[in-house]
Amino acid sequence: MTVKDRMLALVDYTKLSKRKFQESIGVSNSYIQNISEGIGADVLNRIAIQYPEINTHWLITGEGKMLREGSEYELKETPQI
């Protein structure tokens, strides 16, 4: 999975359109389309502020889970037994 794929997965997670998501993090409407190698530190910081439940290490490297472990968001996604 590429950085671009992970960004698109993040867009899906937010349930926003790609355009609205890009607006929410203060980037151009073509930012995700034009990602090639990685995400700039300033954009990564905006994502971390806007979506604190996101594991930014996963976003950069693909390692781990999309949601931070132990976050209230992860707990809400865990089915009740």
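**Helices, a core and a few pairs**

Colleague: How many salt bridges does the structure hold?
Modeller: First, this is a predicted model, where local features need pLDDT of at least 70, side-chain atom pairs count only at pLDDT 80 or more, and totals for chains, interfaces and linings use all residues. Residues are numbered from 1 along each chain as its sequence is written, and side-chain values use heavy atoms, with hydrogens and water left out. A salt bridge here is a side-chain nitrogen of Lys or Arg within 4 Å of a carboxyl oxygen of Asp or Glu. By that rule, the number of salt bridges in the structure is two.

Colleague: Which residue forms a salt bridge with Arg19?
Modeller: Side chains of opposite charge can pair when their charged atoms come close. For Arg19, the closest N and O atoms of the bridge are 2.6 Å apart. The partner sits four residues from Arg19, about one turn away in helix α2 (residues 18–24); helices are DSSP runs of H or I, at least four residues long, and strands are runs of E, at least two, all numbered from the N terminus. That partner is Glu23.

Colleague: Are Arg19 and Glu23 buried, partly exposed or exposed?
Modeller: Buried means under 20% relative accessible area, exposed means over 50%, and partly exposed is in between (1.4 Å probe, protein chains only). Arg19 comes out at 43%, and Glu23 has 43% too. Because of those values, both count as partly exposed.

Colleague: And which residue forms a salt bridge with Arg46?
Modeller: Arg46 is in helix α3 (residues 41–50), and its partner lies in that helix as well, four residues away, about one turn. The closest N and O atoms are 2.9 Å apart. Arg46 is partly exposed at 29%, and the partner, partly exposed at 47%, is Asp42.

Colleague: How many helices does the protein chain have?
Modeller: Going from the N terminus, the elements run α-α-α-α-α. There are zero strands to add to that. So the helix count follows from the DSSP runs, and it is five.

Colleague: Which helix gives the most residues to the largest nonpolar core?
Modeller: A nonpolar core is a set of buried Ala, Val, Leu, Ile, Met, Phe, Trp, Tyr and Cys residues joined through side-chain atoms within 4.5 Å. This one has 19 residues, and Met7, Phe21, Ile25, Tyr31, Ile39, Ile47 and Leu59 touch the most other members. At least two residues each come from α1 (3–14), α3 and α4 (56–61). With four residues, the top giver is α1.

Colleague: Leaving out residues up to four places away in sequence, which ones does Met7 touch?
Modeller: Touching is about contact, meaning heavy atoms within 4.5 Å. Met7 is also among the residues that touch the most other members of the core. Its list reads Phe21, Ile25, Tyr31, Ile32, Ile35, Ile39, Ile47 and Leu59.

Colleague: Why do the buried residues of α3 line one face of the helix, and how wide is their arc?
Modeller: The buried ones are Val43, Leu44 and Ile47. They line one face because, seen down the helix axis, they fall within a limited arc, taken from the directions from the axis to the C-beta atoms. On the other side, Ala41 and Ile49 are exposed, while the cover over the buried residues includes α1 and α4. The buried residues fall within an arc of 100°.

Colleague: Is the Phe21 and Tyr51 pair stacked, tilted or edge-to-face?
Modeller: Rings of Phe, Tyr and Trp (its six-membered ring) pair if their centres lie within 6.5 Å; planes under 30 degrees apart count as stacked, over 60 as edge-to-face and the rest as tilted. A search of the whole structure finds one aromatic pair. With ring centres 5.5 Å apart and planes at 25°, this pair is therefore stacked.

Colleague: How far apart along the chain are Phe21 and Tyr51?
Modeller: Phe21 is buried at 0%, and Tyr51 is buried at 9%. Phe21 belongs to helix α2 and Tyr51 to the loop between α3 and α4, so the pair links distant parts of the chain. Their separation is 30 residues.

Colleague: What is the phi of Lys15?
Modeller: Lys15 is found in the loop between α1 and α2. Lys15 is exposed, with a relative accessible area of 73%. Although Lys15 is not a glycine, its phi is positive, at about 65°.
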